[in-house]
Structures are given as C-alpha cells and as structure tokens.
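Biologist: I am new to this structure and would like to learn how to read its features one at a time. Could we start with charges and rings, then go on to strands and salt bridges?

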Amino acid sequence: MSELLPPSHELKCHEQFYVPIIEGRKTFEVRDKKDRWFYEGEHLLLREVRGSNLETEYTGRACLAEVMYILPSIYSFDGLPTNTAIMAIKVIEKWSRQE
C-alpha cells in the first residue's frame with residue numbers, strides 16, 4: 001500500500017470501468033454523493049469487483065487515485081440525479097494481489 005495519505009474513500013469499481021482507469025483512458029469518476037461528500041485533493045481507493053450489484057467479488061486489484069477536480073454542482077445534466085459527483089481523477093498507484 002502507498003506511503004501517501006490514507007484514502008478518504010474506499011469504493012468498489014466494476015471491472016469494465018476499472019481497466020480503462022488503470023490504462024489511463026478513463027480519467028473521471030461519477031459517483032452518488034447522497035451518503036458521502038467528495039473534495040479535491042482526497043484519495044480514492046478503487047477496488048476492482050466483478051459480478052452483479054447483488055453478488056460482487058473482489059478481484060484483488062486496486063488503485064489509489066487523487067481527486068483533481070470536481071465539477072461544481074451548479075451544473076445539471078439531463079438524466080443525472082442531482083446528487084451526482086463528477087470528478088477528474090489521476091491514478092497515483094496501482095497493485096494486484098493474487099487471491
């Protein structure tokens with residue numbers, strides 16, 4: 001694990017979104033913020049999972065990402081709930097543990 005600050009949030013990340021993040025193709029994260037708030041400079045521990053929402057399993061892969069920017073909530077987009085956080089992220093560290 002990183003010697004950096006501990007993560008502010010530990011989040012599940014389905015493999016179809018996790019792979020593009022660690023490859024550097026997906027540099028944003030969209031999350032519901034009704035039960036938590038996100039702030040610029042925080043660290044997210046994204047743990048890869050596979051399976052349905054009801055039955056997920058951790059793959060052993062994870063990455064630490066820094067929240068670089070959060071789109072202000074004054075902007076609204078059709079189809080997105082008002083409690084949505086749209087964040088620019090940068091992967092700081094990634095690792096894989098064989099289970």
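Modeller: This is a predicted model. For charges and rings, begin with Lys-26, which lies over the face of Phe-28 at 4.8 Å from the ring centre.

Biologist: Which residue lies over the face of Tyr-58?

Modeller: That is Arg-47, at 3.6 Å from the ring centre of Tyr-58.

Biologist: How is a pair of aromatic rings described?

Modeller: In general, by the distance of the centres and the angle of the planes. In this structure the count comes to 0 aromatic pairs, with ring centres required to lie within 6.5 Å.

Biologist: Phe-28 came up with Lys-26. Which nonpolar patch does Phe-28 help to form?

Modeller: Phe-28 joins Val-30, Phe-77 and Leu-80 in a nonpolar patch on the surface. Together these residues have about 340 Å² of accessible area. Phe-77 sits in the loop between β4 (56-70) and β5 (84-96). Its relative accessible area is 43%, so Phe-77 is partly exposed.

Biologist: Now the strands. In which sense do β2 and β5 pair, parallel or antiparallel?

Modeller: Strand β2, residues 28-32, pairs with β5 in the antiparallel sense, over 5 bridges. For one residue, take Glu-29: its bridge partner in β5 is Met-87.

Biologist: How many bridges join β4 to β5?

Modeller: There are 9 bridges, and β4 and β5 run antiparallel. Here Leu-64 has Glu-93 as its bridge partner in β5.

Biologist: What about the segment before β1? Is Ser-8 buried or exposed there, or in between?

Modeller: Ser-8 lies in the segment before β1 (9-14). With 38% relative accessibility, Ser-8 counts as partly exposed. Sequence distance and spatial distance should be read separately. Ser-8 and Leu-45 are 37 residues apart along the chain, and their C-alpha atoms are separated by 7.8 Å.

Biologist: How many salt bridges does a search of the whole structure find?

Modeller: The search finds 8 salt bridges. One pair is Arg-47 and Glu-10, whose side chains meet at 3.0 Å, N to O. Arg-47 belongs to strand β3 (residues 43-51) and Glu-10 to strand β1, so the pair ties together parts that are 37 residues apart in sequence.

Biologist: How accessible are Arg-47 and Glu-10?

Modeller: Both partners can be read from their relative values. Arg-47 is partly exposed at 23% relative accessibility, and Glu-10 is partly exposed with a relative accessible area of 47%.

Biologist: Which residue forms a salt bridge with Asp-35?

Modeller: Arg-36 does, with the closest N and O atoms 4.0 Å apart. Asp-35 is exposed, since its relative accessible area of 62% is over 50%. Arg-36 has a relative accessible area of 27% and is partly exposed.

Biologist: Which residue meets Glu-48 in a salt bridge?

Modeller: The side chain of Arg-61 meets Glu-48 at 2.8 Å, N to O. This pair links distant parts of the chain, with Arg-61 in strand β4 and Glu-48 in strand β3, 13 residues apart. Arg-61 counts as partly exposed at 27% relative accessibility. Glu-48 counts as buried because its 2% relative accessibility is under 20%.

Biologist: Which residues do salt bridges that share partners join into one network?

Modeller: The network contains Lys-26, Glu-29 and Arg-31. Two of these names have appeared already: Lys-26 lies over the face of Phe-28, and Glu-29 has Met-87 as its bridge partner in β5.

Methods. Residues are numbered from 1 along each chain as its sequence is written. This is a predicted model: local features need pLDDT of at least 70, side-chain atom pairs count only at pLDDT 80 or more; totals for chains, interfaces and linings use all residues. Side-chain values use heavy atoms; hydrogens and water are left out. Rings of Phe, Tyr and Trp (its six-membered ring) pair if their centres lie within 6.5 Å; planes under 30 degrees apart count as stacked, over 60 as edge-to-face and the rest as tilted. A charge sits over a ring if NZ of Lys or CZ of Arg is within 6 Å of the ring centre and within 35 degrees of the ring normal. Patches are made of residues with over 30% relative accessible area and no salt bridge: like charges are joined within 9 Å, nonpolar side chains (Val, Leu, Ile, Met, Phe, Trp, Tyr) within 5 Å. Accessible areas come from the Shrake-Rupley method with a 1.4 Å probe; for residues, only the protein chains shown count as cover. Helices (H or I, at least four residues) and strands (E, at least two) are DSSP runs, numbered from the N terminus. Buried means under 20% relative accessible area, exposed over 50%, partly exposed in between (1.4 Å probe, protein chains only). Two strands pair if DSSP finds at least two bridges between them.
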